[in-house]
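Please look through the sequence and the structure before reading on. The report that follows treats the packing of the interior, a pair of helices and some points of backbone geometry.

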Amino acid sequence: MQPASDPTFEIIDARGHRCPVPTLKLRRRLAELPALARIALLADDPMAQIDVPHFCNQNNYVLVRVETLGDGWRFEIERAS
């Protein structure tokens with residue numbers, strides 16, 4: 001995992017929001033970032049398990065890792081080069 005102090009890495013905490021809000025937050029932020037930047041999205045809506053991988057696949061982003069947390073999931077996404 002990259003350190004939070006890395007300027008190409010940030011965390012979006014979308015816990016408590018229902019889809020499509022987590023994916024919309026992710027889309028908005030990724031559009032502003034340079035190639036190879038990474039974002040970790042925290043989500044607790046079960047639909048995020050379907051929506052986030054689909055969003056990445058449809059928009060040429062790389063879903064690097066998915067971790068199950070006690071209160072949801074952590075998706076690590078990289079903007080393609």
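## A buried strand residue and its surroundings

Leaving out residues up to four places away in sequence, I39 touches E10, I12, L26, R29, L30, L33, F75, E76 and I77. This and everything below is read from a predicted model, and the values are therefore computed ones that belong to that model. I39 has its place in strand 2, and it is buried because its relative accessible area is 0%, where buried means under 20%. One of its partners, F75, lies 36 residues away from I39 along the chain, yet the C-alpha atoms of these two residues are separated by 8.1 Å.

## The nonpolar core

In soluble globular proteins, nonpolar side chains tend to be buried together. In this model the largest nonpolar core has 17 residues, and those with the most contacts inside it are L26, L30, L41, V52, F75 and I77. The elements that contribute two or more residues to this core are helix 1 (21–32), strand 2 (38–43), helix 2 (48–58) and strand 4 (72–79). Among these, helix 2 gives the most, with four residues.

What does L26 contact once its neighbours within four places in sequence are left aside? The partners of L26 are I12, I39, L41, V52, F55 and I77.

## Two packed helices

Two packed helices are described by the angle between their axes and the distance between the axes. For helix 1 and helix 2, the angle is about 30 degrees and the axes are 10 Å apart. Helix 1 is therefore roughly parallel to helix 2, since angles under 35 degrees count as roughly parallel. The crossing of helix 1 and helix 2 is right-handed. On the side of helix 1, the contact is made by T23, L26, R27 and L30, while helix 2 takes part through D51, V52 and F55. Sorted by class, the residues in this contact of helix 1 with helix 2 are four nonpolar, one polar and two charged.

A further residue of helix 1 is L24, which is partly exposed, with a relative accessible area of 42%. L24 and A14 are 10 residues apart in sequence, and their C-alpha atoms are 10.0 Å apart in space.

## Backbone points in the loops

Most residues other than glycine have a negative phi, and most peptide bonds are trans. The model holds some cases that depart from this pattern, and the table below sets out two of them.

| Residue | Phi | Citation of feature |
|---|---|---|
| L36 | positive, about 75 degrees | not a glycine |
| N60 | positive, about 60 degrees | not a glycine |

L36 is found in the loop between helix 1 and strand 2, whereas N60 is found in the loop between helix 2 and strand 3 (61–69). Is N60 buried or exposed? With a relative accessibility of 58%, N60 counts as exposed, because the cut-off for exposed is over 50%. L36, with a relative accessible area of 48%, is partly exposed.

The peptide bond from C19 to P20 is cis, with omega near 20 degrees. P20 has its place in the loop between strand 1 (9–13) and helix 1.

Terms used: Residues numbered from 1 in each chain as written. Predicted model: local features only at pLDDT ≥ 70, side-chain atom pairs only at ≥ 80, totals over all residues. Heavy atoms only, no water. Core = buried A, V, L, I, M, F, W, Y, C linked by side-chain atoms within 4.5 Å. Buried < 20%, exposed > 50% of the residue type's maximum accessible area, 1.4 Å probe, protein only. Contact = heavy atoms within 4.5 Å. Axes fitted to C-alpha atoms, helices over the stretch in contact; angles between N-to-C directions. Parallel < 35°, antiparallel > 145°, perpendicular 65-115°, else oblique. Left-handed = near helix turned anticlockwise from the far one by under 90°. Nonpolar A, V, L, I, M, F, W, Y, C, P; charged D, E, K, R; others polar.
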